[in-house]
Amino acid sequence: MTATIFQITMRSGPVPGKTFVIENEETTLGRDLANDISISDPEVSRRHARFLMRDDNVFVEDLGSTNGTFLNGERIASPQQLRKGDVITFGESVVVIYDKQTVDADATVAAPPVVAGYPEPTPTPAYPQEVYQAPQEPAYKQPEPYEAIPAEMTPEPVERKKKRKKVRGEGLPTWMIILIVAIVVIVCVIAVTMWFMPASWWCAITFDMLAGCPLP
């Protein structure tokens, strides 16, 4: 005996990956806890939408929500029939996938439902455990002794030229040369002046005591 299971799986929203089963003729969805499917998201209205089961088919209907209900990217204004793999969006951030599964009620273990758009997990292959080996340090190599340099290859010391220090007292200092030149210039000026000085000046200097000076 087979049975059909209708369900939606949340792809994005408050609880991604969670599955909600639709098993009543009318299943309401919204933010209020009184709904059959309660989704705590600000984009979802208190009574946002509902699912209707009619003759082994499921329809989705918007209940005048603020942010709207979208089926495969298009906003709906009336009940729309759902098909396996349809994408339903409530508001802007809550996205669910509709799925329809047929299971054998007599089977002891039922295989888990496969949600459209989610591939089955691939088993991880077992790898042999590698044995850790500590890195080996290289053996210490003793440095080779230095060879003595032959005497003929040793450079001869270069004699440095001794700088001749200037001994104080050699030559006349500059200030003395300037003084001597100044004295010579003064003497020359005095001699020239006295040579060309008129007789009246000589009489004034000697207080008219020279011969030829006018008597007082």
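Aspartate 86 is buried (under 20% relative accessible area with a 1.4 Å probe, protein chains only), yet aspartate 86 has no salt bridge, a term for a side-chain nitrogen of Lys or Arg within 4 Å of a carboxyl oxygen of Asp or Glu. The nearest side chain of opposite charge, that of arginine 83, is 5.3 Å away. This is a predicted model, in which local features need pLDDT of at least 70 and side-chain atom pairs count only at pLDDT 80 or more, while totals for chains, interfaces and linings use all residues. Residues are numbered from 1 along each chain as its sequence is written, and side-chain values use heavy atoms, with hydrogens and water left out.

**Around aspartate 86**
- Aspartate 86 sits in the loop that runs between strand 9 (80-81) and strand 10, where strands are DSSP runs (E, at least two residues) numbered from the N terminus.
- The side chains of aspartate 86 and asparagine 72 are joined by a polar contact of 3.4 Å.

**The sheet**
- Six strands form an open sheet in the order 2-1-11-10-7-8, with antiparallel pairing, where two strands pair if DSSP finds at least two bridges between them.
- Strand 2 and strand 8 (74-75) each have a single partner strand and stand at the edges, so one side of each is left without a neighbour in the sheet.
- Strand 7 (residues 69-71) and strand 10 run antiparallel and are joined by three bridges, and leucine 71 has isoleucine 88 of strand 10 as its bridge partner.

Note on methods: Helix = DSSP H or I, 4+ residues; strand = E, 2+ residues; numbered from the N terminus. Buried < 20%, exposed > 50% of the residue type's maximum accessible area, 1.4 Å probe, protein only. Lys, Arg positive; Asp, Glu negative; His and termini not counted. Polar contact = N/O pair within 3.5 Å; in protein donor to acceptor, adjacent residues only side chain to side chain.
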